[in-house]
Amino acid sequence: MRPASTETVVTNDHHNLQTKQSTSLPSSSSSDRVIIAGAGPTGLFLAYKLAKSGIKVDLVERLPDISDAPRAAGYYGATLLALKDAGLLHLAAQRGYLTRAVGWRTAVQDDGHGNKTWGRLLCNIPFDQGSQERPEMGMLLLPQPKLCELLKEQIHVLNGMQPGSVKFHFHSELSNVHDDGHGVAVSVRNPQTGIERELRGILFVGADGAKSKARQLLGIKLQGHTWPERMIAADVLLRNVDVPPLTQLHFIVHPVHFAMVIPLERPVEGETTLWRFSMATDPMDNSTEEELLREENLARLFENYMVGPRPPQYKVVSKTVYRLHQRLANTMAIGRCALVGDAAHLNNPVGALGLSTGILDCDALATAIEMILHEGGPLSLLSTYSDARRQVFQSFVSPTSTANKLRLQQEPVAADDDWLIRKMQNPTLETLHDFIKPYITVWRTDMRALVAEQAARDEPILKANLSEAF
Ligand SMILES: Cc1cc2nc3c(=O)[nH]c(=O)nc-3n(C[C@H](O)[C@H](O)[C@H](O)COP(=O)(O)OP(=O)(O)OC[C@H]3O[C@@H](n4cnc5c(N)ncnc54)[C@H](O)[C@@H]3O)c2cc1C
């Protein structure tokens, strides 16, 4: 028997974070709780959705608090609808901003007076200003840490109304999951003290990111490939000059150093604001990460993307190197356990399909869990969820993000002949609606409609599943 020990458990009941001492080991949650590993954006969004529908959650996170690592920033199409349905869109829009257009263009060029101006515009996709009635027509820019902060705050609000809805367990690294057929036993370890304890729940969700321990413990493989080039992401404070009236997000077409240049705050001419430069490295470049992130290397790359007088004045506030993948878990659910977000799939960042797909996983999984726990639905709804979301990744997210990357990674003259670029050179309203349609109809999974459709088709699998009442 393991000795009892003192463990610090951080909960956020009653609105504020509290630290309490627990001497029991194993400490256990009541068995009607859903345990989520990972308090990144997907873990937080799922916890919020479940708590909102009255399902209690234990959220375990290995870090001392939610991460402030700068990563994804753009949300559009069905993701905005999912945020709207969760009652979060107006709050998210207050903290971010709705962009006017994304443009594909060549690298910056000399203006003949020693300054650089934006490169040739190949095409624009104008977004509506994303009215509340048609949010799917807009694009929201909100850095990932700000979204996480908002979700955490809103969970605290729910905890204020229904104490204990979501218990945060920081400093708690997932170390084991055991599904005994009646519930799940989840072991977590404090990375600082090494102390382990156990939580019991009814279902388990791995939302613990690309290197998911949950995925490993469940024996799930992540199949696919890794692209040869790496990406440098640098967040830079920059004085805004030459801000185009329409195009705010710039996709720089280049056969090697393709890039995305994105203002993380609304860019106002003359003001200094934060920008994200996501810049591809040469696949033949074997430099270490440290070498890639050296000041002189960044300055050399920025020459391709920064407009205005030379030398450009800027301050790098964060920088990182990451690899690009197209990978999918061979299942997103086993028994009482499911995966969401990066734990389940990875795609290259061109077109902002990564985090958004994770948010849409949570949107579907929250409904499946609600149907199981509140409406007597079968446990096999988790498999229905897995099949549906894997299909969305295979048929839409992965091919679309692959095409997005390859469209950016070519000579501009070749890009001129690309069907999307030609279509968007003079887009009509109908062209824009056709473009956004799959991002609304295909990307999101309506679990209730899917189950009703399967039942209507009288599928033998569903009939068998329904007979194993949960
Ligand atoms: C540099 C960079 C730039 C990116 N840019 C874009 C972009 O422009 N557009 C886009 O769409 N996507 C982008 N992405 C991807 C995007 O950030 C991810 O899709 C998103 O973070 C996925 O969210 P998640 O909640 O699934 O996982 P994560 O954000 O990785 O969160 C996982 C959480 O689980 C915790 N955790 C991990 N292991 C354990 C464990 N064993 N026990 C407990 N907790 C654990 C982690 O600490 C973390 O808090 C980028 C990623 C990187 C790295």
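Okay, let's start at the ligand. Four elements each put at least two residues into the shell around it: helix 1, strand 13, strand 22, which covers 314-329, and helix 8, which covers 354-375. Before I go on, keep in mind that this is a predicted model.

So which helix gives the most to that shell? That's helix 8, with four residues. The ligand has 35 residues around it, and the ones that come nearest are G38, G40, G209, G341 and G354. If you sort the shell by class, you get 16 nonpolar residues, 12 polar ones and seven charged ones.

Now, helix 1 and helix 8 both turned up in that shell, and they also meet each other. Their axes cross at roughly 30 degrees and come within 9 Å. That angle makes the two helices, 1 and 8, roughly parallel. As for handedness, helix 1 and helix 8 make a right-handed crossing. On the helix 1 side you can look for P41, T42, F45, L46, K49 and L50, and across from them in helix 8 are L355, G358, I359, D361, C362, L365, A366 and I369. Counted by class, that contact has 10 nonpolar residues, two polar and two charged.

Helix 1 has another partner, too. Running over residues 41-52, helix 1 packs with helix 4, residues 144-161, at an angle of about 25 degrees, and the axes are 9 Å apart. Helix 1 and helix 4 are therefore roughly parallel as well. What is the handedness of the crossing where helix 1 passes helix 4? This one is left-handed. From helix 1 the contact uses P41, L44, F45, A47, Y48, A51 and K52, while helix 4 brings Q144, L147, C148, L151, K152, Q154, I155 and L158. The class split for this contact of helix 1 with helix 4 is 11 nonpolar, two polar and two charged.

Let's go back to strand 13, the other shell element I'd like to follow up. It belongs to an open sheet of three strands, in the order 13-14-15, with antiparallel pairing. Strand 13, at 173-179, and strand 15, at 196-201, are the edges; each has a single partner strand, so one side of each has no neighbour in the sheet. From one strand to the next, the twist averages 25 degrees. How many bridges join strand 13 to strand 14? Six, with strand 14 being residues 184-189 and the two running antiparallel. If you want a spot to zoom in on, D179 sits opposite V184 of strand 14.

Just ahead of that, have a look at H171, in the loop between strand 12 (166-169) and strand 13. H171 isn't a glycine, yet its phi is positive, at about 55 degrees.

And strand 22? That one is part of an open sheet of eight strands, ordered 10-7-18-19-20-17-22-25, and the pairing here is mixed. Strand 10 (121-126) and strand 25 (345-346) are the edge strands, pairing on one side only. One parallel pair in there is strand 7, residues 101-105, with strand 18, residues 249-252, over four bridges. In that pair, V102 stands opposite L249 of strand 18.

Last stop: the loop between strand 21 (308-309) and strand 22, where you'll find P311. The peptide bond joining R310 and P311 is cis, with omega at about -15 degrees. That's my tour, thanks!

Note on methods:
Residues are numbered from 1 along each chain as its sequence is written. This is a predicted model: local features need pLDDT of at least 70, side-chain atom pairs count only at pLDDT 80 or more; totals for chains, interfaces and linings use all residues. Two strands pair if DSSP finds at least two bridges between them. Axes are lines fitted to C-alpha atoms, for helices over the stretch in contact, and angles run from 0 to 180 degrees between N-to-C directions. Angles under 35 degrees count as roughly parallel, over 145 as roughly antiparallel, 65 to 115 as roughly perpendicular and the rest as oblique. A crossing is left-handed if the near helix is turned anticlockwise from the far one by less than a right angle, and right-handed if clockwise. Two residues are in contact if their C-beta atoms, placed from the backbone, lie within 7 Å. Ala, Val, Leu, Ile, Met, Phe, Trp, Tyr, Cys and Pro count as nonpolar, Asp, Glu, Lys and Arg as charged, and the others, Gly among them, as polar. A residue is near a molecule or strand if its C-beta atom, placed from the backbone, lies within 6 Å of it.
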